[in-house]
Amino acid sequence: MPFRLPRLARRAGTTLMALAAAAAASPALADDYPNHPITMVVPFAPGGNVDITARVLAPLLTKELGRAIVIENRSGGGGAIGASSVARAPADGYTLMLGSSGSNATVPATNSHTPYDPIKDFTILGGVTTTPSLLVVNPKVPAKTFDELVKYSLSKRDGLSFGSPGIGSFNHLTLELVKQKSRLRATHIPYKGAGQAMSDVISGQIDGMFDQSSSSMPIAQEGRIRAIAQLSERRSPLMPDVPTLAEQGVPGVTAEVYTALFAPAGLPKAVETRLATALQHAKQDPALQERFRKLGAEVVTMDQAAFQQYAAEEVQRWRDVAKANHISTQD
């Protein structure tokens, strides 16, 4: 009778051979990477802030990597649908994601059933942009400073009415964070989108909202809304006359929407380095920097490791806000 290895030993041998083959293939994959087009998933609809950022960045990455970057919008679930698909994709460097604070911070913060871990299930290649939030109100609201706004809110039995794109949105969590850190009294009014909420701020149906500066700054410059404060560490050069909340007596309250480049977890180190380096080089392009400035965004200057830590801290920060205010988007 021929000698046969026990089943467990055969399986172990097969596994070891597979691992050895994978290890041998990884350097070859890295040396040859990339050898065909790369898909960049945008987990939001076309035309929004994240989509625009991806389309500005993609040509520069194409130039750096020598292969086409094909943008694919997979929207839904506040970014969760697209992010989930990338988390499950092969970790070979051919599926990337231009994610944001929404897909990788606030959605997981408000829904414990999100089908991915926003940090552990991804390789974070680096930050791309940050866009500060603006506190804006209808021009008829009798307040030009945050202190005046707080006093006015306290004079109304139900406080002020503040809109957002929906329960658990970045805008909603920002409102609750500011209420935690100050005496602002406000009632949250959820809408189906930021555009609808902003329309009602402009018309005076609601008093105000927190919104990304990239979309609200042009409206404020036209005089249709009034900007009360920037929620950033320093004043944006695009809005030099609008003070930060810290300057107005509320320190430590920032709310900046970030965009970043992600890949699935487990990316070969050489491929990760290639992509992270390409991203860093792309962000140094003067034309790209100027384009983002005109959109109200700043290019992230943190290195990869520093941004990875920042992204993890953002997840925890918004989880704490959601928990403290009993905010959940779970059905």
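Start by selecting Trp318 in this predicted model. Leaving aside residues up to four places away in sequence, Trp318 touches Ala105, Thr106, Ala109, Phe170, Leu173, Thr174, Leu177 and Ala255. Show these side chains together with Trp318 before going further.

Next, widen the selection to the largest nonpolar core, which has 32 residues. Trp318 is one of the members that touch the most others, along with Leu135, Phe146 and Leu149. Colour the elements that give two or more residues to this core: helix 4, strand 4, helix 5 (146-154), strand 5 (160-164), helix 6, strand 8 (226-231) and helix 11. Helix 6 gives the most, with five residues. Now colour by domain, taking 38-130 + 257-325 as domain 1 and 132-248 as domain 2. Both domains give residues to this core, so the core lies between them. Apart from it there is another core, of 31 residues; select Leu65, Leu98, Leu261 and Ala278, which are among its members. In soluble globular proteins, nonpolar side chains tend to be buried together.

Move to helix 3, residues 80-87. Which residues of helix 3 are buried? They are Ala80, Gly82, Ala83, Ser84, Ser85 and Val86. With six of its eight residues buried, helix 3 is largely enclosed by the rest of the structure. To see what covers the buried residues, show strand 1 (38-42), strand 3 (95-100), helix 4 (101-110), strand 4 (122-137) and strand 9 (256-264), which are included in the cover.

Then turn on a surface and look for the pockets. Rolling a probe the size of a water molecule over the atoms shows where empty space is left. The largest pocket holds about 990 Å³ of space. Centre the view on Phe44, Gly78, Pro165, Asn171 and Gln212, which are the closest to its centre of the 38 lining residues. Helix 2 (49-65), helix 4, helix 6 (170-181), strand 7 (208-212) and helix 8 (213-221) each give two or more residues to this lining. Helix 4 supplies the largest share, five residues. Colour the lining of the largest pocket by class and 13 nonpolar, 23 polar and two charged residues appear. Domain 1 and domain 2 each contribute at least three residues to the lining of the largest pocket.

The second largest pocket contains about 420 Å³ of space. Select Thr130, Glu233, Arg234, Glu256 and Met302, which lie nearest its centre among 18 lining residues. Strand 4, strand 10 (298-299) and helix 11 (304-324) are the elements that give two or more residues to the lining of this second pocket. Here the largest share, three residues, comes from helix 11. By class, the lining of the second largest pocket divides into five nonpolar, six polar and seven charged residues. Where does the second largest pocket lie relative to domain 1 and domain 2? Both domains give residues to its lining, so the second largest pocket lies between them.

Finish on helix 11 by selecting Lys323. Is Lys323 buried or exposed? Its relative accessibility is 69%, and the cut-off for exposed is over 50%, so Lys323 counts as exposed. For a last distance, pick the C-alpha atoms of Lys323 and His281: they are separated by 39 Å, with the two residues 42 apart along the chain.

How values were computed:
Residues are numbered from 1 along each chain as its sequence is written. This is a predicted model: local features need pLDDT of at least 70, side-chain atom pairs count only at pLDDT 80 or more; totals for chains, interfaces and linings use all residues. Side-chain values use heavy atoms; hydrogens and water are left out. Buried means under 20% relative accessible area, exposed over 50%, partly exposed in between (1.4 Å probe, protein chains only). Helices (H or I, at least four residues) and strands (E, at least two) are DSSP runs, numbered from the N terminus. Contact means heavy atoms within 4.5 Å. On a 1 Å grid over the protein atoms alone, a cavity is a set of points where a 1.4 Å probe fits but cannot get out, and a pocket is an open set with protein on both sides within 12 Å along at least five of seven lines; lining residues have an atom within 4 Å of a point. Grid points are joined across faces, edges and corners, and a volume is the space filled by probe spheres set on the points. Ala, Val, Leu, Ile, Met, Phe, Trp, Tyr, Cys and Pro count as nonpolar, Asp, Glu, Lys and Arg as charged, and the others, Gly among them, as polar. Domain bounds come from an automatic or database domain assignment. A nonpolar core is a set of buried Ala, Val, Leu, Ile, Met, Phe, Trp, Tyr and Cys residues joined through side-chain atoms within 4.5 Å.
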